[in-house]
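Subject: Handing over the structure

Dear colleague,

I am passing the structure on to you below, and after it I set out what was found. Please read the notes with the sequence and the coordinates open beside you.

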Amino acid sequence: MSLNTLNKLTQVSILVIGDVMLDRYIWGVVERISPEAPVPVVHVREITYNLGGAGNVANNLKGLGSKPILVGTIGDDHRGQLLLDLLKQRGIKSYLLKDNTRPTVTKTRIMAQQQQLLRIDEEKTDELHGEIRNKLFEICKKYLPECRAVILSDYGKGVLKGDLCKKIISLARSISIPVFIDPKGTDWERYEGASCITPNEKEFCLFIGQVIEKEKEYIQKAKQTIEKLNLESLLITRGAKGMILVEKDGNVHNIKAQAKEVFDVSGAGDTVIATLSACIAAGADWLKAAELANIAAGIVVGKVGTKPIEKEEIEIALKQ
């Protein structure tokens, strides 16, 4: 059944809208401490660029064999062009509006001996201007009918602030297209009516306003959230503790973590929501889709840097 689902992913087009980022990696080696301050001196060996944020969600969908359509914004700058070049190289269809009031969101990670030493964020996170927000919605309105699902990739950088979430969810549900959301912050009311929200443990506890230790409490709060926001399911990712999938009908599934060795969790949430949505769009049930998303996440955390899942990697894992 799992392999059958994977084979159907090539038939699936998915709209991804959200905060598109450029992930910049400075790779080097550390051999001494600076005489100027107690900090390591990094000798740079290489600089690489990856798709980040909503761009990484689209990249994961591409790796799964699906057909992503990416919608968002970039700055009118050199790094925005780098993003467009990366998307072109991967063959990802994109509609990224240039916003000259903000830079292309860029995360620079300084790496040495396969470890992250420092991250530098360049961004502007206030709400988009009304004109750009309206243009983004018109793009979604145009391409949503040809898709089997929509993903809202919210990193809190501005694209999904305001009323855009509600408008897209309403439009999608009116034509029976499921909506998947990777959330940010505590204002989840704007996600009301979505099909599924995929928070990690920290994000979920932040939303409900308390730290949960007992699993029964998780399930109780998840059911309350599903009812409050009119969701079909809630998938909470818990790192080494795996995942909890709670469905609207009351079904609860505990899914054990798959990772054998964790090198880098960057982008794991992107992999989860991309795999989950693609599998649901291809006809899988919630449990099967979540299980495949769990396998995919276990693979990508074993990679260093923001790297997408590839369908062949899941196929290999299923045969082991």
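A cavity, as the word is used here, is a set of points on a 1 Å grid over the protein atoms alone where a 1.4 Å probe fits but cannot get out. Please keep in mind throughout that this is a predicted model.

With that definition, the structure holds one cavity of 30 Å³ or more, and the volume of the largest cavity comes to about 70 Å³. Its lining is made up of Asp19, Val20, Thr73, Ile74, Gly75, Arg102, Pro103, Thr104, Val105, Lys124, Lys157 and Val159. By class, this lining divides into five nonpolar, three polar and four charged residues. Strand S4, which covers residues 67–75, gives the most to the lining of the largest cavity, contributing three residues.

Turning to the sheets, I begin with an open sheet of four strands, whose order is S3-S2-S6-S7 and whose pairing is mixed. Strand S3 (40–53) and strand S7 (115–122) stand at its edges with a single partner strand each, so one side of each is left without a neighbour in the sheet. On average, and with direction ignored, neighbouring strands of this sheet are turned by 20° against each other. Helix H3 (residues 78–90) packs on this sheet, where it touches S2, S3, strand S6 (106–112) and S7, and the direction of H3 makes about 105° with that of S2.

Within the same sheet, strand S2 (residues 20–33) pairs with S3 in the antiparallel sense over 13 bridges, and S2 and S3 form a hairpin with six residues between them. Two pairs may help you to find the register: leucine 22 has leucine 51 in S3 as its bridge partner, while valine 20, which also appears in the lining of the largest cavity, stands opposite glycine 53 in S3.

There is also an open sheet of nine strands, in the order S5-S4-S1-S8-S9-S10-S11-S12-S13, again with mixed pairing. Its edges are strand S5 (93–99) and strand S13 (252–255), each of which has a single partner strand, so one side of each is left without a neighbour in the sheet. At the S13 edge, strand S12 (residues 243–247) and S13 pair in the antiparallel sense over four bridges, with valine 246 standing opposite valine 252 in S13. H3 packs on this sheet as well, touching S4 and S5, and the direction of H3 makes about 170° with that of S4. Helix H8 (residues 268–281) lies across strand S1 (13–18), strand S8 (149–153), strand S9 (179–182), strand S10 (196–197), strand S11 (233–237) and S12, and H8 runs at about 170° to S9.

As for helix against helix, the axes of helix H9 (residues 286–300) and helix H10 (residues 311–319) come within 10 Å and cross at roughly 105°. Since angles of 65 to 115 degrees count as roughly perpendicular, this makes H9 roughly perpendicular to H10. On the H9 side the contact is made by Leu292, Ile295, Ala296 and Ile299, and on the H10 side by Glu313, Ile314, Ala317 and Leu318. The residues of this contact divide into seven nonpolar, no polar and one charged.

One single residue remains to be mentioned. Isoleucine 208 is found in helix H6 (residues 201–208), and it touches Lys221 and Thr225, when residues up to four places away in sequence are not counted. From C-alpha to C-alpha, isoleucine 208 and tyrosine 191 are 15 Å apart in space, with a separation of 17 residues in sequence.

With best wishes

Methods. Residues are numbered from 1 along each chain as its sequence is written. This is a predicted model: local features need pLDDT of at least 70, side-chain atom pairs count only at pLDDT 80 or more; totals for chains, interfaces and linings use all residues. Side-chain values use heavy atoms; hydrogens and water are left out. On a 1 Å grid over the protein atoms alone, a cavity is a set of points where a 1.4 Å probe fits but cannot get out, and a pocket is an open set with protein on both sides within 12 Å along at least five of seven lines; lining residues have an atom within 4 Å of a point. Grid points are joined across faces, edges and corners, and a volume is the space filled by probe spheres set on the points. Ala, Val, Leu, Ile, Met, Phe, Trp, Tyr, Cys and Pro count as nonpolar, Asp, Glu, Lys and Arg as charged, and the others, Gly among them, as polar. Two strands pair if DSSP finds at least two bridges between them. Axes are lines fitted to C-alpha atoms, for helices over the stretch in contact, and angles run from 0 to 180 degrees between N-to-C directions. Contact means heavy atoms within 4.5 Å. Angles under 35 degrees count as roughly parallel, over 145 as roughly antiparallel, 65 to 115 as roughly perpendicular and the rest as oblique.
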